[in-house]
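Work through the exercises below with the sequence and the 3D view open. Try each task before reading its solution.

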Amino acid sequence: MSRHTQPCCKIGPSILCADLSCLAEECRKMIHSGADYLHLDVMDGHFVPNLTFGHPIVKCLRPKMPDVYFDMHMMVQNPEKWVESMADAGANQYTFHVEACEDIPALCRKIQESGMRVGVGLKPGTPVETILPYSDLFDVVLIMTVEPGFGGQSFMEDMMSKVQYLRTNFPHLDIEVDGGIGPNTIDIVAEAGANMIVSGTAITGASDPSQVIALLRNSVENAIQKSQLER
């Protein structure tokens, strides 16, 4: 995880929580409300029990928002199968789950060669030590703070120990968190050291999404500033 710049705050609404009947409009609304990127959950009904959308949807979205960063959260078996398709569709980041991958170095190289940033996701039960032998291959580590693929779960505060470990040992790494994050949990997440914040209904279901995004950003930026002063 060789990084050279201080991670900055990035807020990415989870589009799966938006009104999918008018997806492009919802995406534009999130960006106009101050989002830095869009988090798109791809579920295959195998790695997780739910089924969502794939690269054809991404390919349709890309011309409507050519400059928006698409973060693909690939909750799928055989994640190597969809790398070329997602790259062709216009994805910017390809985050696979370590639990679904047999050859991590090969998959990371494939993603890099496709022109996308490499993300690796960890389910709550997966120790952070699992990915350490491959630490130079990732751009982003995604710590799940709920079990992926299941709705209505509570934020798992004990996952913050993984975030803290990564921030301490890899100070320049982009650390993403996903699951149950909103105004009531953001301070815990920010203080642990996460800088990429995925938030679903807390943003998409708000009467004023821009206000929620600003609140999340303020918490993370304050935590980053505090950590820099303490060094």
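UniProt positions are given here in the numbering used for this chain, feature names are shortened, and annotations may be inferred rather than shown by experiment. The structure is a predicted model, in which local features need pLDDT of at least 70 and side-chain atom pairs count only at pLDDT 80 or more, while totals for chains, interfaces and linings use all residues. Residues are numbered from 1 along each chain as its sequence is written, and side-chain values use heavy atoms, with hydrogens and water left out.

**Exercise 1. Find the annotated sites.**

Task: List the residues that UniProt marks as "binding site" and "active site".

Solution.
Step 1. One "binding site" annotation, from an unreviewed entry, covers H39, D41, H73 and D178. These residues span 140 residues in sequence, yet no two of their C-alpha atoms are more than 10.7 Å apart, so they gather at one spot.
Step 2. The "active site" annotation, also from an unreviewed entry, covers D41 and D178. Although spread over 138 residues of sequence, they cluster in space, with a largest C-alpha distance of 10.7 Å.
Step 3. UniProt also places a "binding site" feature (unreviewed entry) at S14, H73, G149, F150, G151, G152, G180, G200 and T201.

**Exercise 2. Describe D41 and D178.**

Task: For D41, state the element and whether the residue is buried or exposed. Do the like for D178, then list the contacts of each.

Solution.
Step 1. D41 sits in strand β2, residues 38-43, and D178 in strand β7, residues 174-178. Helices (H or I, at least four residues) and strands (E, at least two) are DSSP runs, numbered from the N terminus.
Step 2. D41 has a relative accessible area of 6% and is buried. D178, at 11%, is buried as well. Buried means under 20% relative accessible area, exposed over 50%, and partly exposed in between, with a 1.4 Å probe and protein chains only.
Step 3. Contact means heavy atoms within 4.5 Å. Neighbours within four places in sequence aside, D41 is in contact with S14, L16, T52, F53, H73, M75 and D178. On that basis, the contacts of D178 include H39, D41, H73 and L142.
Step 4. A polar contact is a pair of N or O atoms within 3.5 Å; within protein, one must be able to donate a hydrogen and the other to accept it, and residues adjacent in sequence count only if both atoms are side-chain atoms. The side chain of D41 makes such contacts with the side chains of H39 at 3.1 Å and S14 at 3.0 Å. The side chains of D178 and H39 are joined by one of 3.3 Å.

**Exercise 3. Place G200.**

Task: Where is G200 found, and which residues does G200 touch beyond its sequence neighbours?

Solution.
Step 1. G200 lies in the loop between β8 (196-199) and α7 (201-204).
Step 2. Its relative accessible area is 14%, so G200 is buried.
Step 3. Leaving out neighbours within four places in sequence, G200 is in contact with S14 and C17. S14 and G200 are both covered by the "binding site" feature of Exercise 1.

**Exercise 4. Examine T95.**

Task: Which strand holds T95, and which side chain is its polar partner?

Solution.
Step 1. T95 is part of strand β4, residues 93-97.
Step 2. With 1% relative accessibility, T95 counts as buried.
Step 3. Apart from neighbours within four places in sequence, T95 is in contact with residues including D71, H73, G119 and L142.
Step 4. The side chains of T95 and Q93 share a polar contact of 3.0 Å.
Step 5. T95 and P79 are 16 residues apart along the chain, and their C-alpha atoms are separated by 9.1 Å.
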